[in-house]
Amino acid sequence: MRFDSEYSMTIGGAAVAGTLDLGVINPATGEVFAQAPVCTPAQLDEAVSAARTAYARWRHVPVSERQAMLCRLGDALLDHAEDFARLFTKEQGRPIAGARVEVEAAGNWIKAVSRMEPPVHVLEDSLQRFVETRYVPLGVVCAIAPWNFPLTLAVWKIAPALLAGNTMVLKPSPFTPLCTLKMGELFGEILPAGVLNVICGNDDLGPLMTAHPGFAKIAFTGSTETGKKVMETAARDLKRVTLELGGNDAAIVMPDVDLDQVAQKIFFGAFFNSAQICIATKRLYVHASIYDALRDRLAALAGSTRMGDGSEQGVVLGPVQNKRQYERVLALINDARANGLKLIQGSAPAGEGYFVPVTIVDNPPETSRVVREEAFGPVLPMLKFDSIDEVVARANDCEFGLAGAVWSGDENIALEIARRLETGTVWINQNLQVRADAPFAGHKQSGFGVENGLEGLLEYMVPQVVNVARG
Ligand code: NAD
């Protein structure tokens with residue numbers, strides 16, 4: 001398989017070209033380096049129809065066979081990790097080591113899901129009756145992914161949906177379609193035709209998909225704004241939805257931490273992938289007694305962490321992934337500057353790439369835009385607090401509730417704080433850890449429904465109660 005050209009959609013097991021092409025930009029240079037196909041409405045119909053046909057058989061394939069096939073998909077990704085990683089860096093911008101981590105994590109994730117199994121609960125097995133609850137698939141799933149973790153977030157949908165017996169039509173973000181198209185081709189060599197269809201197009205393909213009557217469910221990861229539109233459209237014919245949306249995660253740093261141990265972890269919890277992570281630390285609350293000491297350490301890291309083209313050796317942070325996001329992040333920084341806030345900045349390459357220097361905003365007011373809004377780029381407000389009650393209230397005063405972190409030398413105090421945070425995940429003395437067996441659920445406007453874990457698997461199924469009269 002070639003990774004440097006020939007990007008096709010996979011529909012009904014065949015490689016399909018679009019009638020138009022979409023230019024894919026390398027964010028480190030600002031230049032188009034490849035063309036991806038654009039799906040027509042007729043091709044969308046074909047993809048849904050191929051998935052529908054495949055569903056009739058796939059849903060009856062024994063779970064053990066579906067598990068074995070998923071395991072092969074994971075292995076196939078791992079076998080091609082290097083090729084995927086190089087292409088990933090070009091289209092997404094993330095430096096090669098981080099790109100490799102994503103490909104390998106995606107491969108291992110599918111393998112972990114392949115070990116899961118939908119449960120069957122026997123409620124009664126008596127002389128009078130036998131009652132069981134089992135779980136059956138939904139049908140054809142519409143999956144829509146964003147550009148920040150294009151492979152991982154697609155795999156979070158593919159693996160449980162297929163394990164459950166559904167088939168799928170997947171659309172990557174128009175900013176990062178290439179690795180997903182190649183993954184569709186690769187998986188097409190293993191799966192029966194039509195089980196996984198990968199199509200591609202601009203943002204206007206998303207609404208066509210969500211309105212399509214052939215889908216039973218929509219699995220969406222993206223912004224809260226788009227997620228609301230998806231839910232509105234889904235309501236018309238009561239499609240099931242799982243929405244993984246925005247976040248504005250708070251991390252709370254208590255005075256008893258060992259700053260030399262935690263500073264670097266906190267820095268990368270905020271800035272890994274140039275801070276384009278839904279679960280990155282986006283508001284950093286630091287106890288007043290250690291605020292200056294931590295700020296100085298983070299400032300030193302901002303100054304010494306190399307930003308640049310991710311294909312160059314020694315580069316740790318890449319560009320912002322696309323122009324739209326680049327302008328959004330710059331607007332937030334300019335707003336902070338215009339309001340007289342103090343910025344601590346690292347350096348970034350000049351040129352046409354979408355580079356934004358690591359920017360720490362020194363104790364801005366809680367009401368400033370940079371605190372209230374999700375930046376989704378390398379700008380981090382750092383805020384002082386004095387008491388636990390105060391910081392918990394400030395952390396929770398947020399429309400989002402995706403994840404959060406507590407840093408403390410005392411696990412009990414950290415646990416007490418963690419349990420008071422209104423978020424789907426809380427980390428203690430670490431960050432960004434997700435697991436295939438743990439439910440990932442955004443509270444408040446960070447999402448609707450659950451991905452991952454048994455709860456996430458069951459979102460691709462409906463319960464069926466079988467009630468047998470005896471005697
Ligand atoms: P986005 O909402 O602009 O786009 C996401 C996807 O939706 C893309 O594939 C896009 O083409 C498609 N789309 C656009 N308009 C649509 C419509 N009207 N109907 C259906 N689909 C449509 O988001 P983005 O800029 O790609 O991603 C960044 C956002 O994603 C951030 O807010 C981030 O927090 C969030 N995110 C959340 C998670 C999570 O798991 N909660 C993970 C990653 C990213």
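# Questions about a predicted model and its ligand

Visitor: Between which two elements does the loop that holds A145 lie?
Guide: In this predicted model, A145 is not part of a helix or strand run but belongs to a connecting loop. That loop runs between β7 (140-144) and α5 (150-163).

Visitor: Is A145 buried or exposed, and at what relative accessibility?
Guide: A residue is called buried when its relative accessible area is under 20%. A145 falls below that cut-off and therefore counts as buried, its relative accessibility being 7%.

Visitor: Which residues does A145 touch, not counting residues up to four places away in sequence, and how far apart in space are A145 and S173?
Guide: With those neighbours in sequence left out, the residues touched by A145 are K171, P172, S173 and T221. Of these contacts, S173 is 28 residues from A145 in sequence, and the C-alpha to C-alpha separation of A145 and S173 in space is 5.8 Å.

Visitor: Which residues come nearest to the ligand?
Guide: There are 30 residues around the ligand, and A145, described above, belongs to the group that comes nearest. The full group is A145, D203, S223, L245 and E374.

Visitor: How far is an oxygen atom of the ligand from an N or O atom in the side chain of D203, and how far from one in the side chain of E374?
Guide: Polar atoms of the protein approach ligand oxygen atoms at several side chains, including that of K171, where a polar side-chain atom lies 2.8 Å from an oxygen atom of the ligand. For D203, an N or O atom of the side chain is 2.6 Å from a ligand oxygen, and for E374 the corresponding distance is 2.6 Å.

Visitor: What percentage of the accessible area that the ligand has on its own does the protein cover?
Guide: On its own, the ligand has 850 Å² of accessible area. The ligand sits in the largest pocket, and the protein's cover of that area amounts to 93%.

Visitor: Which element gives the largest share of the shell around the ligand?
Guide: The elements that contribute two or more residues to the shell are α7 (205-211), β10 (217-221) and α8 (224-235). The largest share, 3 residues, is the contribution of α8.

Visitor: With which side chain does the side chain of E451 make a polar contact?
Guide: E451 is in the loop between β21 (447-448) and α15 (453-458), and it counts as buried because its relative accessibility is 3%. Its contacts beyond four places in sequence include W156, K157, T221 and Y460. The polar contact made by the side chain of E451, at 2.9 Å, is with the side chain of K157.

Visitor: How far does the backbone oxygen of A51 lie from a polar atom of the side chain of T167?
Guide: T167 lies in strand β8 (residues 167-171) and is buried, with a relative accessibility of 0%. Leaving aside neighbours within four places in sequence, T167 is in contact with several residues, among them A51, R52 and W58. The distance from the backbone oxygen of A51 to a polar atom of the T167 side chain is 2.8 Å.

Visitor: Why does E117 count as exposed?
Guide: E117 is found in the loop between α4 (96-114) and β5 (121-125), and the residues it touches beyond four places in sequence are V63, Q67, L454 and L457. The word exposed applies to a relative accessible area over 50%. E117 counts as exposed because its relative accessibility is 53%.

Visitor: By what distance are the C-alpha atoms of T89 and D309 separated?
Guide: T89 is found in helix α3 (residues 81-92) and is buried, with a relative accessible area of 5%. Its contacts beyond four places in sequence include G310 and S311. T89 and D309 are 220 residues apart along the chain, while their C-alpha atoms are separated by 8.7 Å.

Visitor: Near what value is the phi of A275, and near what value is that of N363?
Guide: Most residues other than glycine have a negative phi. A275, in the loop between α9 (259-271) and β13 (281-287), and N363, in the loop between β15 (359-362) and α12 (369-372), each have a positive phi. A275 is buried at 5% relative accessibility, whereas N363 is partly exposed at 34%. The phi of A275 is near 65°, and that of N363 is near 50°.

Notes: Residues numbered from 1 in each chain as written. Predicted model: local features only at pLDDT ≥ 70, side-chain atom pairs only at ≥ 80, totals over all residues. Heavy atoms only, no water. Helix = DSSP H or I, 4+ residues; strand = E, 2+ residues; numbered from the N terminus. Buried < 20%, exposed > 50% of the residue type's maximum accessible area, 1.4 Å probe, protein only. Contact = heavy atoms within 4.5 Å. Near = heavy atom within 4 Å. Polar contact = N/O pair within 3.5 Å; in protein donor to acceptor, adjacent residues only side chain to side chain. Areas by Shrake-Rupley, 256 points an atom, 1.4 Å probe, with all protein chains shown as cover. 1 Å grid on protein atoms, 1.4 Å probe; cavity = no way out; pocket = protein on both sides within 12 Å on 5 of 7 lines; lining within 4 Å. Sits in = over half its atoms within 2 Å of the grid points.
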